[in-house]
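Visitor: I am new to reading protein models, and I would like to understand how the words used for them are justified. Could you take me through this one step by step?

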Amino acid sequence: MERNPIFHQTRLRLAAWYTLVMGGILGLSSLGVYSVVAHAYYETIDQGLQSVAKALHKSIEPAWQQPGQLQRLNKEFSLELCVAQTNCLPKTTAIKKSITEAANPVNYYIRLLNRSGKLFASGGMEFDNLPITSELQHWQILTDSSGARYREITLPLYTQKQVSGYLQVARSITDLDQHIAYLRLALVLGLPISMIFVGLSSWWLAGRAMQPVYLSYQQMQQFTADAAHEFRTPLAAMYSTIEAAIKLQQEPKSNGGILDVLKRQNRRLSQLVGDLLLLTRIDQKELTGEYQSCCLNDLISDLIEELAFLAVETKVNLSKQVQILEKLYVMGNEEQLYRLISNLISNAIQATFSGGKVTVFLEKSELYAMIKIQDTGIGIAVEHQQRIFDRFYRVDRDRSRTSGGSGLGLAIAIAIARAHKGNIHVQSQPGLGSTFTVRLPLSS
């Protein structure tokens, strides 16, 4: 399968598409996992923080509603409170114990704000210049001057059913940020590694899926080769018989036309069988051992001379233009290269009207030789340009039948070019002509 460029490219495309689709699925799945886990982390923290805040609110609000609330809070709950952040009251252990029991080992702080939102008292963990936020926001995330982040909840404190202050409780979410960072790192590193395994698996699965198709293709190739080989003998015998009948006929005018038709169709069928056999041999890499150094300059000169009669018959001006002085050599099978260029020139002549022009250019581009066959013929529509190299595909079937074409000329040309590690590119506009460019690697 690897030796056949069509199946190799198809397998590569299948593997690439499968990898791309699986990559998209894995990417969306990773994003979903990340969102769900991050949301779960935040939900857990919010639930714990809300429990602590409600416990503190339940303890602080009754004392907050009585006259002399600050002293009572200090005496009853033993908060480490600092009024105006200057006079700190003495510490006892009651409320500190409540915070420890409610918060476990997580770092918490509390702040009391008056009705206007100004800091009244604070306590708990130390922090660096944490801003005082609007009491109207129930949940917030704050960042201090050192970059540490805190999750904060604000609960109102009521006196006679009117808001008289606010309780703000917050905890550090540094541990959450670390967990999220580890999760993000695991997903970022895991996705490319997963994609590598998906790509390898895709390549293997594509090969397994295409194996039956490739076996069928091999059987079809073998059948074509066997059939073409078997057809050659009876066709040759038929041709010889027709030749003998023409020579021995007594009334040339009565039977000559019929025999000439049989002879012409026999020759056409023999050419078709030969083309099929050549394509099969190229596909099966049976001619690679016959490669040798071939001079393209001489090859093109011989073809121009040989096909001059066809150009004269159709009244087409056939010429060549060699853009370089040196001779260009490529490694290949001279007979195949001859057939490649001959097919392109013949097609160009047949596609050009009387009085038109076909020009063959020979150029050099870095490590490649470039042969351009340019005509002023009918051109090829864009929708046909991708399929003209398919076997038995003909743009104008009626014209192909009258000219004797079988639809294999360009298929043979592209097969020979690929067998020589080259390619063929076409540029064409209907009514303005076509340019076929053959690119072959130069011999070192």
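Guide: Gladly, and please keep in mind that this is a predicted model. Buried residues make up 39% of the 444 residues in the chain, and the chain is built with 11 helices and 14 strands.

Visitor: What makes a residue count as buried, partly exposed or exposed?

Guide: The relative accessible area decides, with buried meaning under 20%, exposed meaning over 50%, and partly exposed lying in between. Val-213, which lies in helix 4 (residues 174-248), has a relative accessibility of 48%, and because this value falls between the two cut-offs, Val-213 counts as partly exposed.

Visitor: How far apart are Val-213 and Phe-7 in sequence and in space?

Guide: They are 206 residues apart in sequence, while their C-alpha atoms are 9.3 Å apart in space. For the chain as a whole, among contacts between residues at least 6 apart in sequence, 63% join residues at least 24 apart.

Visitor: Why is Lys-315 called exposed?

Guide: Its relative accessibility is 60%, which is over the 50% cut-off, and therefore Lys-315 counts as exposed. Lys-315 sits in the loop between helix 7 (308-313) and strand 9, and its phi is near 60 degrees, a positive value in a residue other than glycine.

Visitor: How do you know that Lys-421 is exposed?

Guide: The reasoning follows the cut-off again: the relative accessible area of Lys-421 is 71%, which is over 50%, so Lys-421 is exposed. Lys-421 is found in the loop between helix 11 and strand 13, and its phi, near 60 degrees, is a positive value in a residue other than glycine.

Visitor: What makes helix 11 mostly covered?

Guide: In helix 11 (residues 409-419), eight of the 11 residues are buried. The buried residues are Leu-410, Ala-411, Ile-412, Ala-413, Ile-414, Ala-415, Ile-416 and Ala-417.

Visitor: What makes strand 7 mostly covered?

Guide: Strand 7 (residues 162-172) has 11 residues, and nine of them are buried.

Visitor: How do you know that strand 7 pairs with strand 3 and with strand 6?

Guide: Two strands pair if there are at least two bridges between them. Strand 3 (residues 108-114) is joined to strand 7 by seven bridges, with the strands running antiparallel, and strand 6 (residues 149-159) pairs with strand 7 over 10 bridges, also in the antiparallel sense. Because seven and 10 both satisfy "at least two", both pairings count. As examples, Tyr-108 has Arg-171 in strand 7 as its bridge partner, and Glu-152 stands opposite Ala-170 in strand 7. Strand 6 and strand 7 also form a hairpin with two residues between them, and in the turn Gln-160 has a positive phi of about 55 degrees.

Visitor: What is the strand order of the open sheet of five strands?

Guide: The order is 9-11-12-14-13, and the pairing is mixed.

Visitor: Why do strand 9 and strand 13 stand at the edges?

Guide: Strand 9 (317-322) and strand 13 (423-429) each have a single partner strand, so one side of each is left without a neighbour in the sheet. From one strand to the next, the twist averages 15 degrees. Within this sheet, strand 12 (residues 368-375) and strand 14 (residues 433-441) run antiparallel and are joined by seven bridges, and Tyr-368 stands opposite Pro-441 in strand 14.

Visitor: Which strands does helix 8 touch as it packs on the sheet?

Guide: Helix 8 touches strand 9, strand 11 (357-365), strand 12, strand 13 and strand 14, and its direction makes about 25 degrees with that of strand 12. Helix 11 packs on the sheet as well, touching strand 13 and strand 14, and its direction makes about 140 degrees with that of strand 13.

Visitor: How do the axes of helix 6 and helix 8 cross, and why is helix 6 called oblique to helix 8?

Guide: The axes of helix 6 (residues 296-306) and helix 8 (residues 334-350) come within 10 Å and cross at roughly 50 degrees. Angles under 35 degrees count as roughly parallel and those from 65 to 115 as roughly perpendicular, and because roughly 50 degrees belongs to neither range, helix 6 is oblique to helix 8. The crossing is right-handed.

Visitor: Which residues of helix 6 and helix 8 meet?

Guide: Leu-299, Ile-300, Asp-302, Leu-303 and Glu-306 in helix 6 meet Glu-334, Leu-337, Tyr-338, Ile-341, Ser-342 and Ile-345 in helix 8. The residues of this contact divide into seven nonpolar, one polar and three charged.

Conventions
Residues numbered from 1 in each chain as written. Predicted model: local features only at pLDDT ≥ 70, side-chain atom pairs only at ≥ 80, totals over all residues. Heavy atoms only, no water. Buried < 20%, exposed > 50% of the residue type's maximum accessible area, 1.4 Å probe, protein only. Helix = DSSP H or I, 4+ residues; strand = E, 2+ residues; numbered from the N terminus. Axes fitted to C-alpha atoms, helices over the stretch in contact; angles between N-to-C directions. Parallel < 35°, antiparallel > 145°, perpendicular 65-115°, else oblique. Left-handed = near helix turned anticlockwise from the far one by under 90°. Contact = heavy atoms within 4.5 Å. Nonpolar A, V, L, I, M, F, W, Y, C, P; charged D, E, K, R; others polar.
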